[in-house]
Amino acid sequence: MALFKPKYITFDCYGTLINFDMAGAAERCFRQRVAPEAMLAFTTDFARYRMDEVLGAWKPYYDVVSNALQRACHKWGVQWDKADSDFIYTDCATWGPHADVPAGLAKVAQEFPLVLLSNSMKDLLPHHIPRLGAPIHMAITAEEVGAYKPQMKGFEYMLEKLDCRPDEILHVSSSLRYDLMTCHDMGITNKVWVNRGHDPANPAYGYTEIKDIGGLPAVVGL
């Protein structure tokens with residue numbers, strides 16, 4: 001990517017900035033019911049069902065988590081209880097940023113306004129914003145939009161609120177499937193992929209790859 005000075009740097013939050021430990025929460029909850037050698041496959045199915053749950057009409061994120069968990073339990077023949085969904089959803093509010101985030105964000109925030117577009121709720125995201133270590137110009141949740149990523153509606157809503165064209169922002173995410181593929185389809189040409197191991201690389205989607213947020217300042221010439 002040629003050096004680009006965006007009007008805004010926009011971010012996915014969970015996974016990219018916040019250490020999204022949904023698999024860890026599920027492991028802690030189900031360690032007595034799922035064998036250690038099966039846990040990775042179980043939590044992977046849980047993640048895949050969460051993706052499927054966000055593709056339809058909007059519903060509260062608790063329902064996304066709970067429905068996906070019930071589907072994973074059904075597939076694996078594991079008993080589910082509402083307390084399991086409560087445990088995992090409550091755990092979400094305790095998560096903090098990846099270690100590389102505060103310093104990297106603080107540096108770019110000196111020159112660019114930062115915006116979050118998050119598959120979150122209005123009562124959940126405020127737990128995480130103060131932990132990021134940098135001022136956030138605007139935070140947009142899926143609840144506010146009425147749709148989850150990877151649907152386009154959130155990006156359309158964000159661009160309208162920012163009064164920007166797609167080529168005037170830089171979008172940063174660790175997820176190709178939730179963010180960067182949609183950005184590509186919408187003409188958001190300036191993209192950064194934070195390679196945290198969530199997805200396999202696919203350079204055809206036209207992003208700059210960094211290993212963590214510490215590499216972001218260099219992308220914008222800082």
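Select helix α3, residues 61-76, in this predicted model. At 1.5 Å a residue, the 16 residues of α3 should span 22 Å, and the end C-alpha atoms are 23 Å apart, which agrees. Next, display the side chains of the helix. Tyr 61, Tyr 62, Val 64, Val 65, Ser 66, Ala 68, Leu 69, Ala 72 and Cys 73 are the ones to colour as buried. Which helices help to cover the buried residues of α3? Among the elements that do so are α1 (22-30), α2 (36-53) and α4 (82-92). Before leaving this helix, step to Gly 77, just after α3, where phi is positive at about 65 degrees.

Two of the covering helices deserve a view of their own. Select α1 and α2, whose axes are 10 Å apart and which pack at an angle of about 125 degrees. This angle makes α1 oblique to α2. The crossing of α1 past α2 is right-handed. To see the contact, show Met 22, Ala 23, Ala 26, Glu 27 and Phe 30 on the α1 side, together with Met 39, Phe 42, Thr 43, Phe 46 and Arg 50 on the α2 side.

Now turn to the sheet. Its 6 strands form an open sheet with parallel pairing, in the order β3-β2-β1-β4-β5-β6. The edges are β3 (138-141) and β6 (208-210), each of which pairs on one side only. On average, neighbouring strands in this sheet are turned by 20 degrees against each other, direction ignored.

Begin at the β3 edge. Strand β2, residues 114-118, pairs with β3 in the parallel sense over 4 bridges. Select Ser 118 and look across to β3, where Thr 141 is its bridge partner. Is Thr 141 of strand β3 buried or exposed? Its relative accessible area is 4%, so Thr 141 is buried. Leaving aside residues up to four places away in sequence, Thr 141 touches Ser 118, Ser 120, Met 121, Lys 122 and Leu 125.

Move next to β4, residues 169-173. This strand is mostly covered, with 5 of its 5 residues buried. In a regular strand the side chains alternate between the two faces of the sheet. In β4, Ile 169, His 171 and Ser 173 point one way, while Leu 170 and Val 172 point the other way.

Both neighbours of β4 can be followed from here. Strand β1, residues 8-11, pairs with β4 in the parallel sense over 4 bridges, and Thr 10 has His 171 of β4 as its bridge partner. The pairing of β4 with β5 is also parallel, over 3 bridges; here the bridge partner of Ser 173 is Trp 193 in β5. Add helix α8, residues 176-186, to the view: α8 lies across β4 and β5 (191-194) and runs at about 160 degrees to β5.

The tour ends with two points of backbone geometry. Most residues other than glycine have a negative phi, and most peptide bonds are trans. Select Lys 149 and Pro 150, which are joined by a cis peptide bond with omega of about 15 degrees. Pro 150 sits in the loop between α6 (142-145) and α7 (153-162). Then select Asp 163, in the loop between α7 and β4. Although Asp 163 is not a glycine, its phi is positive, at about 55 degrees. With 65% relative accessibility, Asp 163 counts as exposed.

Conventions:
Residues are numbered from 1 along each chain as its sequence is written. This is a predicted model: local features need pLDDT of at least 70, side-chain atom pairs count only at pLDDT 80 or more; totals for chains, interfaces and linings use all residues. Side-chain values use heavy atoms; hydrogens and water are left out. Helices (H or I, at least four residues) and strands (E, at least two) are DSSP runs, numbered from the N terminus. The expected span of a helix is 1.5 Å times one less than its number of residues. Buried means under 20% relative accessible area, exposed over 50%, partly exposed in between (1.4 Å probe, protein chains only). Contact means heavy atoms within 4.5 Å. Two strands pair if DSSP finds at least two bridges between them. Axes are lines fitted to C-alpha atoms, for helices over the stretch in contact, and angles run from 0 to 180 degrees between N-to-C directions. Angles under 35 degrees count as roughly parallel, over 145 as roughly antiparallel, 65 to 115 as roughly perpendicular and the rest as oblique. A crossing is left-handed if the near helix is turned anticlockwise from the far one by less than a right angle, and right-handed if clockwise.
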